[in-house]
Amino acid sequence: MTDGARIVVVWDAPVRLFHWLVVALVAAAYATWRLNWMNWHAWVGDGLLALLLFRVAWGFLGSETARFSRFVVSPRKAMEHLKFALVREPDRQVGHNPAGGWMVLLLLALLIAETLTGIYVANDIADVGPLTGLVPARIADAIDAAHAVVWDVLLAAIALHVAAIAFYAAAKGQNLLRPMVTGRKVLPAAAPEPRPASLARAVVVFAGAAAAAALVANFL
């Protein structure tokens, strides 16, 4: 650590736990699909939805760096950030950089679309949710097809996300992965320390998200 720099906690435990649980559950979703363990596949989808609903709520109620208002900027600012992609410089970003913020939104949107279509497809085949008999066949078929298409798009977005992390490490000398493990980053002394939210709040928000995911799973 150089003079005039300090270690700052930029990612709270709920954000880091969400990130790595999603990584594990997406891998589990793929494995259970390939092995045709569809009951497990459905349970993984339900768990993913609970996590995603938590992350959306945490984007409004959570720690400062977790909030959408903190890292979602205009597309113009994201493009301006990318103009300096090849400039090797220290990472001074307290949270997500402007381009990374848009990647977060894309991944969240794709994951939510994949879990919701997957829950409908699973209910249509096995559990039969309340909407199963009300949705016309052509729409049900479109939902089934969308589940497969969104999965492919999601895999492409994940590959892009991983490639961007590798690019930032190689071209800019910035390790974006370590802070998502430790929660800490070395920043200039003048960088403000983000305000954290309490773990108790995270527990309450997750409980609400899990209840909402259970309702959605039973309703679809």
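How many aromatic pairs does the count come to? In this predicted model, the count comes to eight aromatic pairs. One of them joins tyrosine 30 and tryptophan 151, whose ring centres lie 6.4 Å apart with the planes at 5°, so this pair is stacked. Tyrosine 30 belongs to helix α1 and tryptophan 151 to helix α6 (residues 137-171), so the two rings tie together parts that are 121 residues apart in sequence. Tyrosine 30 is partly exposed, at 39% relative accessibility, whereas tryptophan 151 is buried, with a relative accessible area of 13%. Together with Trp33, these two residues make up one aromatic cluster.

A second aromatic pair, tryptophan 40 with tryptophan 43, is edge-to-face, with 5.3 Å from centre to centre and 75° between the planes. Both tryptophans sit in helix α2, three residues apart, which is about one turn of the helix. Tryptophan 40 is exposed, with a relative accessible area of 53%, and tryptophan 43 is also exposed, at 52%.

Attention now turns to charged side chains. The count comes to six salt bridges. In one of them, arginine 6 is paired with glutamate 193, and the closest N and O atoms are 3.5 Å apart. Arginine 6 lies in strand β1 (residues 5-9), while glutamate 193 lies in the loop between β2 (184-188) and α8 (199-219), so the bridge ties together parts that are 187 residues apart in sequence. Arginine 6 is partly exposed, at 27% relative accessibility, and glutamate 193 is partly exposed too, at 45%.

Another salt bridge stays inside a single helix. Arginine 76 and glutamate 80 have their closest N and O atoms 2.7 Å apart, and both residues lie in helix α4 (residues 75-82), four residues apart, or about one turn of the helix. Arginine 76 counts as exposed, because its relative accessibility of 52% lies over the 50% cut-off. Glutamate 80, at 33%, is partly exposed.

Is the salt bridge between aspartate 91 and lysine 185 made by buried or exposed residues? Aspartate 91 is buried, at 15% relative accessibility, and lysine 185 is buried as well, at 8%; both values fall under the 20% cut-off. Their closest N and O atoms are 3.0 Å apart. Aspartate 91 lies in the loop between α4 and α5 (98-127) and lysine 185 in strand β2, so this pair ties together parts that are 94 residues apart in sequence. Elsewhere, Glu64, Arg70 and Arg195 are joined into one network by salt bridges that share partners.

One member of that network, Arg70, is also among the residues touched by threonine 65. Threonine 65 lies in the loop between α2 (38-61) and α3 (68-71) and is buried, with a relative accessible area of 3%. A polar atom of the threonine 65 side chain is placed 2.5 Å from the backbone oxygen of valine 10. Leaving aside residues up to four places away in sequence, the residues that threonine 65 touches include Val10, Trp11, Phe71, Val94, Gly95 and Pro194.

Finally, the surface carries a nonpolar patch of about 340 Å², made by Trp20, Val23, Leu177 and Val181. Helices α1 (13-34) and α7 (177-182) each supply at least two residues of this patch. Leucine 177, which lies in helix α7, is partly exposed, with a relative accessible area of 40%.

Terms used. Residues are numbered from 1 along each chain as its sequence is written. This is a predicted model: local features need pLDDT of at least 70, side-chain atom pairs count only at pLDDT 80 or more; totals for chains, interfaces and linings use all residues. Side-chain values use heavy atoms; hydrogens and water are left out. Patches are made of residues with over 30% relative accessible area and no salt bridge: like charges are joined within 9 Å, nonpolar side chains (Val, Leu, Ile, Met, Phe, Trp, Tyr) within 5 Å. Accessible areas come from the Shrake-Rupley method with a 1.4 Å probe; for residues, only the protein chains shown count as cover. A salt bridge is a side-chain nitrogen of Lys or Arg within 4 Å of a carboxyl oxygen of Asp or Glu. Buried means under 20% relative accessible area, exposed over 50%, partly exposed in between (1.4 Å probe, protein chains only). A polar contact is a pair of N or O atoms within 3.5 Å; within protein, one must be able to donate a hydrogen and the other to accept it, and residues adjacent in sequence count only if both atoms are side-chain atoms. Contact means heavy atoms within 4.5 Å. Rings of Phe, Tyr and Trp (its six-membered ring) pair if their centres lie within 6.5 Å; planes under 30 degrees apart count as stacked, over 60 as edge-to-face and the rest as tilted.
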